[in-house]
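This briefing walks through one structure by topic, beginning with its pockets and moving on to its strands and helices. Please keep the sequence and the model at hand while reading.

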Amino acid sequence: MGFALPGRGVVLGVASLVLKEGATIANALAVVHAAVDAGVLAIDTARAYATVDDDAAGERIAQAARLQRPELPIITKAGHFRLGRAAWDSDTSAERVRADALRSREVLGAPPSLLLLHRTDRVDDLEASVRELAALRDDGVVEAIGLSNATVEQLERARSITTLDAVENRFALGIDAADEYRSCVDAGIAFLAYAPFGGPKADPLATHVPRVAAVARARGVSVHRAALAAMSDAMPGAWPVIGSTRVDSVLDSIASADLEVDDGLRRAFEGDLRSRGIAL
């Protein structure tokens with residue numbers, strides 16, 4: 001069946017809506033409902049986005065979005081889970097991956113649009129895990145499969161076993177190299193770029209893309225909106241996964257799909273990445 005997202009736009013990740021200190025279900029639902037109304041392309045969740053009291057908190061939030069727009073793609077992940085208040089662990093065995101997939105399907109009320117092996121960087125037996133992902137797709141438990149937090153070498157090993165539909169890796173603008181993105185583009189695999197702004201502990205985005213920040217100021221838009229628009233323009237086959245926890249910030253990011261990318265913004269984005277030694 002494969003996995004594809006239409007045109008420019010962003011995916012909303014719900015990790016911070018569940019895991020951030022002070023997070024509430026009421027705020028999470030407000031952000032998600034606003035995002036769906038504004039045209040977010042998909043919702044990204046995981047078995048690991050759980051609370052101490054609810055092993056499926058993140059997937060329930062995603063399900064609320066799917067109820068609002070039934071055709072909305074839901075991305076989830078298996079093999080990484082919460083143990084307690086401040087502890088997580090990984091189990092990428094075939095048995096655990098299948099159990100997670102079945103639980104996800106139960107909570108979502110339908111097969112996940114995309115199931116990713118969450119912590120591929122911690123995998124014990126990649127070949128066994130990937131064969132199980134392929135079996136889950138063949139069995140109709142999930143619609144599409146892929147890896148998350150994977151190296152180029154792991155992608156090549158996985159692709160020797162089965163077709164991957166998507167990969168989700170961190171790609172912080174002005175920070176992370178684009179090796180995995182280029183590998184996915186060459187193979188025709190959708191690339192989901194999480195933490196494009198660097199994550200909650202990163203320096204302000206403007207310090208990593210100062211040329212884009214200058215263009216954004218001149219155009220009267222946020223550096224976040226301008227950077228996402230430039231990224232989508234410069235990186236075909238990639239979609240940013242944002243982690244907004246406020247309605248105004250998620251709406252600003254979604255509005256990047258409508259921001260015109262002119263030559264000035266293109267040059268600024270290319271110059272910022274090139275100055276950091278990042279080649280697309």
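A pocket, as the word is used here, is an open set of points on a 1 Å grid over the protein atoms alone, with protein on both sides within 12 Å along at least five of seven lines. The model is predicted, and in it the largest pocket holds about 1,300 Å³ of space. The strands include a closed barrel of 8 strands with parallel pairing, and two helix pairs, α9 with α12 and α6 with α7, are also described below.

**The largest pocket**

- The lining of this pocket, whose volume is about 1,300 Å³, is made up of 39 residues, and those closest to the centre are A15, S16, G199, P200 and G243.
- Helices and strands both contribute, since at least two lining residues each come from α1 (15-19), β8 (166-170), β10 (238-242) and α11 (247-254).
- Which element gives the largest share of the lining of the largest pocket? Helix α11 does, with 4 residues.
- Sorted by class, the lining of the largest pocket comprises 15 polar, 13 nonpolar and 11 charged residues.

**The second largest pocket**

- The volume of the second largest pocket is about 190 Å³, and of the 15 residues that line this pocket, V18, L19, K20, A23 and T51 lie nearest its centre.
- Helices α1, α2 (25-38) and α3 (57-68) each supply at least two residues of this lining, and α1 gives the most, with 3 residues.
- Helix α1 therefore appears in the lists for both pockets, as a supplier of at least two lining residues in each, by the DSSP runs that define the helices.
- The lining of the second largest pocket divides into 9 nonpolar, 3 polar and 3 charged residues.

**The barrel and its surroundings**

- The strands of the closed barrel follow one another in the order β1-β2-β3-β6-β7-β8-β9-β10, with parallel pairing, and neighbouring strands of this sheet are turned by 25° against each other on average, direction ignored.
- Within the barrel, strand β2 (residues 42-44) runs parallel to strand β3 (residues 74-78) and is joined to β3 by 2 bridges, with I43 standing opposite I74 in β3.
- Helix α4 (residues 94-108) lies across β3 and β6 (114-117), and the helix runs at about 150° to β3.

**The β4-β5 hairpin**

- Strands β4 (residues 80-84) and β5 (residues 87-90) pair in the antiparallel sense over 4 bridges, and a hairpin joins β4 to β5 through 2 residues.
- H80 has S90 in β5 as its bridge partner.

**Packed helices**

- Two packed helices are described by the angle between their axes and the distance between the axes.
- Helix α9 (residues 210-219) packs against helix α12 (residues 263-275) at an angle of about 155°, with the axes 7 Å apart, and because angles over 145 degrees count as roughly antiparallel, α9 is roughly antiparallel to α12.
- On the α9 side of this contact are P210, R211, V212, V215 and R219, which meet G264, L265, A268, F269, G271, D272 and S275 in α12; by class, the contact has 6 nonpolar, 3 polar and 3 charged residues.
- Helix α6 (residues 152-159) and helix α7 (residues 179-187) have axes that come within 9 Å and cross at roughly 25°, and because angles under 35 degrees count as roughly parallel, α6 is roughly parallel to α7.
- In α6, V152, L155 and R159 meet D179, E180, S183, C184 and A187 in α7, and the classes in this contact are 4 nonpolar, 1 polar and 3 charged residues.

Definitions and conventions: Residues numbered from 1 in each chain as written. Predicted model: local features only at pLDDT ≥ 70, side-chain atom pairs only at ≥ 80, totals over all residues. Heavy atoms only, no water. Pairing = 2+ DSSP bridges. Axes fitted to C-alpha atoms, helices over the stretch in contact; angles between N-to-C directions. Contact = heavy atoms within 4.5 Å. 1 Å grid on protein atoms, 1.4 Å probe; cavity = no way out; pocket = protein on both sides within 12 Å on 5 of 7 lines; lining within 4 Å. Points joined across faces, edges and corners; volume = space filled by probe spheres on them. Nonpolar A, V, L, I, M, F, W, Y, C, P; charged D, E, K, R; others polar. Parallel < 35°, antiparallel > 145°, perpendicular 65-115°, else oblique.
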